[in-house]
Amino acid sequence: MMKKEILVIGAGPAGLMAAIHAAETGAQVLLVERAEGLGGQLIKQTHKFFGSKAEYAGDRGIDIAAKLIDWSKKLSNIMIWTKATVLGIYPDGVVTISHEGKFTLVKPEKIIVATGAAEKTMAFPNNDLPGIYGAGAAQTLMNVHSVLPGKRMLMVGAGNIGVIVAYQLMQAGVKVVGVVEAAPQIGGYRVHAAKLQRNGVPIYTSHSIKAAHGTEVLEGVTICKLDEKWQPIEGSERYIAIDGLCLSVGLTPLTELLWQAGCKMEFINELGGYVPLRDANMMTTNSNIFIAGDVAGVEEASAAMIEGKLAGLYVAAMLGHQKDWFLQDFQLAKQQLSALRSGPASAKVCVGLSKAILEEVV
C-alpha cells in the first residue's frame, strides 16, 4: 500500500493549483487524472480570461494549462499519474485506484477532490442522432483534435460556454446559424455575445428545441418560442437545416466519490446540483476530505484555480507544512476569490454558496 500526505483527484485547473501550492510548502503530493493528459477543460479553451493578473487575465486557457502543467512537473514532490481512475474512497481512508492496468491501494493523510463537472443534456425527440453534441465535446473535437463537428451548426444555450464555443466554431470555419436560449435574456457575458451578433449570428431568446430530424444523422431541428411560463407557443415552430447541434445547457458536479465517502450533500440549484457542504477552507463534513473547483459548485475556471490554491495551502498547513508566507498567500487568495464573485454575474453563485457553507464542520 502506498502512503502519501496528500492525494489530489483531478488535474484540471483546481487540481493542478491544489497540487502545486501544497507541494510548494514541501508536502508530498500524489496527483491523479483519469485522462491521458493534464489540464482538464483548460486545454481546449482558446479564449482569453477575465479577472486580474493573479488569475491569468489576458491569457488563453490553453496557455494557462501549459504554465500550470510545466510548474507541476518541475516540483519533484508531486507524483503524477495519468490514465488513473479513482474507484473508491473507503471509511478507513484507503483509496483504490486503477492505474496502468493495476489495482493500487493508496492511504493519504488528506484528500482534495477536484473532479470537476459533467455536461447536462436535454430531452427532445431524436436527441440521440449523430451530430448532436455537448458543447464541451464539440470544443474538444475542434480545439484538441482539429476535427470540425459539423459545417452548419446551431448552439443551444447562451451562457458563457454557449456563446464562447459558438464563436470558436465560427473561427474554425463552421457556419453558426444561431443560438437558442430558453431564458428571456442572454446569460453569458455581453462581450462574448456581441462578437456573435456583430458577425450576424441571431440569438433566439425565449426559444427552445422542439425536435431534431434526420434518419441516420442529424439533418435539421424545429425550434419554437416559449411563453412566460416556459411553455411552447403553438404556431411558433420554425425548421432550421443543420448537420450539427451543440447543447450548452449547464453542468452538474461530479460528486460520486464524495457520496461514497459519506460527505454530507445538499441539492443546491444555483451550484449545478448536489454538492458537498463545506467550511470556509473547503473542508467537507469528512475532516480528511477537501474540495475545489466545479465539484464544489459550477463556476468559472478562474474561481476553480483559486479554490484549488486555498485547499492546497490549507491542507498542507494542517499537515505541518506552514511556511512564513502561508498567511499572506492564503488571505490574498481569499481576497481574490471574493473579488471574482463580487460582480452581478456571480450573484447566483453567491446565493448557492451561502447555502453550502458550514460555520463548523461536524
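Select C350: at 31% relative accessibility, this cysteine counts as partly exposed. The model on screen is a predicted one.

Now go to C246. This residue is buried, with a relative accessible area of 1%. Which cysteine has the sulfur closest to that of C246? It is C224, and at 19 Å the two sulfurs are too far apart for a bond. A disulfide here requires two cysteine sulfur atoms within 2.5 Å, and by this rule the count is zero.

**Helix α1**

Select residues 13-24, which form helix α1. At 1.5 Å a residue, its 12 residues should span 16 Å, and the C-alpha atoms at its ends are indeed 16 Å apart. Is the helix enclosed or open to the outside? Of its 12 residues, 11 are buried, so the rest of the structure largely encloses it. Among the buried residues are P13, L16, M17, I20 and H21. To see what surrounds them, add β1 (2-9), β2 (29-32), α2 (61-74), β3 (78-81), β6 (102-113) and α7 (301-318), against which the buried residues of α1 pack. Then step just past the end of α1 to G26, which takes a positive phi of about 110°.

**The hairpin of β4 and β5**

Next, select β4 (residues 84-89) and β5 (residues 95-99). These strands run antiparallel and are joined by five bridges. Click on A84 and look across to β5: the residue opposite is H99. Between the two strands lie five residues, and in this hairpin G93 has a positive phi near 90°.

**A five-stranded sheet**

Move on to an open sheet whose five strands come in the order β8-β15-β9-β10-β11, with parallel pairing. Which strands are at its edges? They are β8 (132-134) and β11 (203-205), each of which pairs on one side only. Ignoring direction, neighbouring strands in this sheet are turned by 20° against each other on average.

Inside this sheet, pick out β9 (residues 152-156) and β15 (residues 244-247), a parallel pair joined by four bridges. M153 has G244 of β15 as its bridge partner.

**Helices α4 and α5**

Keep β9 and β15 in view and add β10 (175-181) and helix α4 (residues 160-171). The helix lies across these three strands and runs at about 170° to β9.

Add helix α5 (residues 190-198). It packs with α4 at an angle of about 40°, and the two axes are 9 Å apart. The crossing of α4 and α5 is left-handed. On the α4 side the contact is made by N160, V163, I164, A166, Y167 and M170, and on the α5 side by H192, A193, K195 and L196. When reading such a list, recall that an α-helix has 3.6 residues a turn, so residues three or four places apart point the same way.

**A three-stranded sheet**

The last stop is another open sheet, with three strands in the order β12-β13-β14 and antiparallel pairing. Its edges are β12 (207-213) and β14 (238-241); each has a single partner strand, so one side of each is left without a neighbour in the sheet. From one strand to the next, the twist averages 30°.

Finish with β13 (residues 220-225) and β14, which pair in the antiparallel sense over four bridges. Select V221 and find the residue opposite in β14, which is I240. As you follow either strand, note that in a regular strand the side chains alternate between the two faces of the sheet.

Definitions and conventions
Residues are numbered from 1 along each chain as its sequence is written. This is a predicted model: local features need pLDDT of at least 70, side-chain atom pairs count only at pLDDT 80 or more; totals for chains, interfaces and linings use all residues. Side-chain values use heavy atoms; hydrogens and water are left out. The expected span of a helix is 1.5 Å times one less than its number of residues. Buried means under 20% relative accessible area, exposed over 50%, partly exposed in between (1.4 Å probe, protein chains only). Contact means heavy atoms within 4.5 Å. Two strands pair if DSSP finds at least two bridges between them. Axes are lines fitted to C-alpha atoms, for helices over the stretch in contact, and angles run from 0 to 180 degrees between N-to-C directions. A crossing is left-handed if the near helix is turned anticlockwise from the far one by less than a right angle, and right-handed if clockwise.
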